[in-house]
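Here's a quick walk through a predicted model. Have a look at the fold first, then read on.

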Amino acid sequence: MNLPAESVSRAFSATAISFGILTSEIIGGSFGPTVSGILADHFGLMAPLWVTAAAAFVGFLCTFGIKETAPIKLNHSSNKEIQAPL
């Protein structure tokens, strides 16, 4: 994932990427099993699978908000719109 690296200077790019990984590990590695276990106790053994599927779907929806920021890719000739004659 390049988004954190593109938003800070090169000196801090590793730190920015690490914060993203740290946040994911805390949420997914700590809170995920706890919440899934509680839901499994209340709703059955399929609940953790539904939690995982819902998390993946939310992540999928979040990808629609990502915009390309690299100037080389934005100005590439294959990204130009083709004007049709009227």
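## Confidence and the long view

Let's start with how far to trust this predicted model. Confidence in the protein chain bottoms out in helix 4 and peaks in helix 3:

| Element | Residues | Mean pLDDT |
|---|---|---|
| Helix 3 (highest) | 47–62 | 94 |
| Helix 4 (lowest) | 71–74 | 61 |

Across the protein chain the mean pLDDT is 82, with 74% of residues at 70 or more. Where pLDDT is low, the predicted coordinates shouldn't be read in detail.

As for the fold, the protein chain has four helices and zero strands, so to speak α-α-α-α from the N terminus on. Just 8% of its 86 residues count as buried. The protein chain exposes about 7,600 Å², and carbon and sulfur atoms account for 70% of that area.

Now for helix 2. It covers residues 13–43, which makes 31 residues, and spans 42 Å from first C-alpha to last, close to the 45 Å expected. Where does helix 2 kink? The kink sits at F31, shortly before the proline P33, and comes to about 35 degrees. Just after helix 2, G44 adopts a positive phi of about 110 degrees.

What about the surface? F31 also belongs to a nonpolar surface patch of about 590 Å², made together with F19, L22, I26, I27 and V35. One of these, I27, is found in helix 2. On the buried side of the ledger, helix 2 has S13, A16, S36 and A40.

Key:
Residues numbered from 1 in each chain as written. Predicted model: local features only at pLDDT ≥ 70, side-chain atom pairs only at ≥ 80, totals over all residues. Heavy atoms only, no water. Helix = DSSP H or I, 4+ residues; strand = E, 2+ residues; numbered from the N terminus. Expected span 1.5 Å × (residues − 1). Bend = angle between axes of the 7 residues up to and from the residue. Buried < 20%, exposed > 50% of the residue type's maximum accessible area, 1.4 Å probe, protein only. pLDDT = per-residue confidence, 0-100. Patch = residues over 30% accessible without salt bridge, like charges linked within 9 Å, V, L, I, M, F, W, Y side chains within 5 Å. Areas by Shrake-Rupley, 256 points an atom, 1.4 Å probe, with all protein chains shown as cover. Salt bridge = Lys/Arg side-chain N within 4 Å of Asp/Glu carboxyl O.
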